[in-house]
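I opened this entry to keep track of what I looked up, in the order I looked it up.

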Amino acid sequence: MPSGVTARWAGLGLAALLWGGAAWADDVPTFKVVVNDGVISTQRIEVPAGQRFRVEVTNQGKTPAEFESLPLGLELVVAPGLTRTRVLPGKSAGSYPFYDEFHMKTTQGVFIIK
Ligand SMILES: [Cu+2]
């Protein structure tokens, strides 16, 4: 195949990939958490089992936060005033503890996946 044709096909493939990615991203349910210097907006987040989901963490405080769930493999350091997100793969049913590791005593919570 002439190299020009190959490049054209590669371009189409990339476009399809980007398009597919955008459509896929919109289908992922988002679970929002707000942290504020040791205050957390929720201590229970219910998520459907076996489905990808997005966690969005906003830090409204004046100190950094580290939103973490070790059994989910999730660790998000969030500077003051910022929001960070992570898409997680589908998980099996169970309860998965989370916390802001920089404010452990007051931010304990749990993902309930069912
Ligand atoms: Cu950590």
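The notes below cover the metal site, then the two sheets, then one residue in a strand.

**Metal site.** I noted at the outset that this is a predicted model. I looked up the ligands of the copper ion and found Glu 66, Glu 68, Glu 75 and Glu 101, each through OE, at 1.8 to 2.1 Å. I then checked the geometry: the angles among the 4 donor atoms run from 78 to 173 degrees, and the site is irregular. Tetrahedral would need all angles between 85 and 135 degrees, so I did not expect that label with a range of 78 to 173 degrees. Along the chain, the donors of the copper ion are spaced E-x1-E-x6-E-x25-E. I placed two of these donors: Glu 66 sits in strand β5 (residues 65-69), and Glu 101 lies in the loop between β8 (94-100) and β9 (109-113). The two are 35 residues apart, and the pair links distant parts of the chain.

I also asked whether each of this pair is buried or exposed. Glu 66 counts as buried because its relative accessibility is 9%, under the 20% limit. Glu 101 has a relative accessible area of 34% and is partly exposed.

**Sheet of 4 strands.** I traced the order as β2-β1-β4-β7; the sheet is open and its pairing mixed. β2 (39-40) and β7 (83-88) are at the edges with a single partner strand each, so each has one side without a neighbour in the sheet. Inside this sheet I followed β1 (residues 30-36) and β4 (residues 53-59), which pair in the parallel sense over 6 bridges. I looked up Lys 32 and found Glu 56 in β4 as its bridge partner.

**Sheet of 5 strands.** Here the order is β3-β9-β8-β5-β6, again as an open sheet with mixed pairing. β3 (44-47) and β6 (74-78) are the edge strands, each pairing on one side only. I recorded an average turn of 15 degrees between neighbouring strands of this sheet, direction ignored. β3 and β9 run parallel and are joined by 4 bridges. For Val 47, I found Ile 113 in β9 as the bridge partner.

**Ile 113.** I followed this residue, which is found in strand β9. Its relative accessible area is 3%, so Ile 113 is buried. Leaving out residues up to four places away in sequence, I listed what Ile 113 touches: Val 47, Pro 48, Ala 49, Phe 53, Leu 72, Lys 91, Ser 92, Ala 93, Gly 94 and Tyr 96. For Gly 94, 19 residues from Ile 113 along the chain, I noted a C-alpha separation of 5.3 Å.

Definitions and conventions: Residues numbered from 1 in each chain as written. Predicted model: local features only at pLDDT ≥ 70, side-chain atom pairs only at ≥ 80, totals over all residues. Heavy atoms only, no water. Donors = N, O, S within 2.8 Å, 3.2 Å for Na, K, Ca; no water. Tetrahedral: all angles 85-135°; square planar, octahedral: opposite > 155°, others 65-115°. Buried < 20%, exposed > 50% of the residue type's maximum accessible area, 1.4 Å probe, protein only. Pairing = 2+ DSSP bridges. Contact = heavy atoms within 4.5 Å. Axes fitted to C-alpha atoms, helices over the stretch in contact; angles between N-to-C directions.
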